[in-house]
Amino acid sequence: MPILILTAGGTCSGKTTIARQLGKRLPEGESLIFSHDNYYHDLGHLSQDEIDGYNFDIPDAINADQLVSDVEALLAGRPVTLPRYDFIAHRRTDGITITSPQTLIILEGIFTLHFSRLMALADLKIFVETASDIRLVRRIQRDTHERNFTLDGVLRQYLATVKPMHETFIEPTRANADIIIPGDRSFEIALRMIDGFLERELRLASEDDA
């Protein structure tokens with residue numbers, strides 16, 4: 001069975017960067033990295049005013065049932081079509097289809113350590129902890145450059161939902177992590193620790209298959 005690593009943390013804390021670094025630990029084609037952001041509910045049926053007032057920073061904004069079902073299928077080696085989410089149109093579309101079993105699956109997202117059904121499947125749970133001012137600067141850069149948001153819009157959303165929902169739903173999941181990584185400095189020491197974990201798990205998996 002593949003190894004499942006969950007990587008959580010606040011918005012723009014460094015989750016994706018950590019996930020990519022971990023994915024490089026294995027040969028190309030043996031690891032799968034994806035985000036639970038692609039499991040946001042499709043909002044194509046809502047008006048723009050309703051979308052503008054939508055709270056994307058609560059767990060219910062994620063289709064957790066489909067997310068858990070897809071993770072279970074991946075762990076069982078069954079084909080899965082992972083969705084994509086358009087953050088400009090706020091619509092979901094079919095993305096890539098995974099047909100071959102993976103050795104390592106890395107799921108990243110702000111709520112990965114919130115859903116108990118996901119945590120029950122995980123072999124390693126990581127929380128990336130980064131100061132709020134650094135996360136805000138990174139979010140401004142991302143949303144204005146990649147998602148065509150205005151600076152005013154980013155700041156309004158941050159103050160209205162991102163910051164308070166982080167304190168309510170995301171920060172408490174820090175206690176569910178097996179390892180906490182600082183997201184504002186070099187990851188090398190933490191990565192070397194995780195390397196040891198991966199080597200052990202891969203060795204055990206190899207022995208089980210023998």
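This is a short walk through the pockets, the cavity, the salt bridges and one helix of a predicted model.

Let me start with the open space. The largest pocket comes to about 1,100 Å³. It is lined by 40 residues. Which of them lie nearest the centre of that pocket? They are Arg139, Arg142, Asp143, Arg147 and Phe149. Keep those names in mind, as most of them return with the salt bridges.

Now the elements around the largest pocket. Four helices give two or more residues each to its lining: helix 1 (15-23), helix 2 (48-52), helix 5 (132-146) and helix 6 (151-170). Helix 6 gives the most, with 6 residues. By class, the lining of the largest pocket splits into 12 nonpolar, 15 polar and 13 charged residues.

Next, the second largest pocket. Its volume is about 220 Å³. It has 14 lining residues, and Ile33, Phe34, Ser35, Asn38 and Arg84 are the closest to its centre. Here the elements are strands. Strand 2, strand 3 and strand 4 each supply at least two residues of the lining. Which strand has the largest share? Strand 2, with 4 residues. The class split for this second largest pocket is 7 nonpolar, 4 polar and 3 charged.

Then the closed space. How many cavities of 30 Å³ or more does the count give? The count is 1. The volume of that largest cavity is about 30 Å³. Its lining is Leu74, Gly77, Arg78, Ile98, Thr99, Ser100, Pro101 and Gln102. That makes 3 nonpolar, 4 polar and 1 charged.

Two of those lining residues, Leu74 and Gly77, take us to helix 3. Helix 3 covers residues 64-75, so to speak, 12 residues in total. From first C-alpha to last, helix 3 reaches 16 Å, close to the 16 Å expected at 1.5 Å a residue. Glycine 77 follows helix 3, and the phi of glycine 77 is positive, near 80 degrees.

Which residues of helix 3 are buried? Ala64, Leu67, Val68, Asp70, Val71, Ala73, Leu74 and Leu75. Note the aspartate in that list: Asp70 is buried too. What covers these buried residues includes strand 1 (3-9), strand 2 (31-35), strand 3 (80-86), strand 4 (91-98) and strand 5 (104-108). Helix 4 (116-119) is also part of that cover. Strand 2, then, appears twice: in the cover of helix 3 and in the lining of the second largest pocket.

On to charges. The whole structure has 11 salt bridges. I will show three.

Take aspartate 143 and arginine 139. Their side chains meet in a salt bridge at 3.5 Å, N to O. Both sit in helix 5, 4 residues apart, about one turn of the helix. Buried or exposed, what are aspartate 143 and arginine 139? Both are buried.

The second is arginine 156 with aspartate 152. The closest N and O atoms are 2.9 Å apart. These two are 4 residues apart in helix 6, so about one helical turn separates them. Arginine 156 counts as exposed because its relative accessibility is 53%, over the 50% cut-off. Aspartate 152 has a relative accessible area of 48% and is therefore partly exposed.

The third is glutamate 201 with arginine 200. The closest N and O atoms are 2.8 Å apart. Glutamate 201 counts as buried because its relative accessibility is 18%, under the 20% cut-off. Arginine 200 is partly exposed, at 44%.

Some salt bridges share partners. They join Arg139, Arg142, Asp143 and Arg147 into one network. Those four are also among the residues nearest the centre of the largest pocket. So the network and the pocket centre should be viewed together on screen.

One last residue: serine 13. Where is it? Serine 13 lies in the loop between strand 1 and helix 1. Why does serine 13 count as buried? Because its relative accessible area is 0%. Beyond its neighbours within four places in sequence, serine 13 is in contact with Val128, Thr130, Arg135, Arg138 and Gly183.

Terms used. Residues numbered from 1 in each chain as written. Predicted model: local features only at pLDDT ≥ 70, side-chain atom pairs only at ≥ 80, totals over all residues. Heavy atoms only, no water. Expected span 1.5 Å × (residues − 1). Buried < 20%, exposed > 50% of the residue type's maximum accessible area, 1.4 Å probe, protein only. Contact = heavy atoms within 4.5 Å. 1 Å grid on protein atoms, 1.4 Å probe; cavity = no way out; pocket = protein on both sides within 12 Å on 5 of 7 lines; lining within 4 Å. Points joined across faces, edges and corners; volume = space filled by probe spheres on them. Nonpolar A, V, L, I, M, F, W, Y, C, P; charged D, E, K, R; others polar. Salt bridge = Lys/Arg side-chain N within 4 Å of Asp/Glu carboxyl O.
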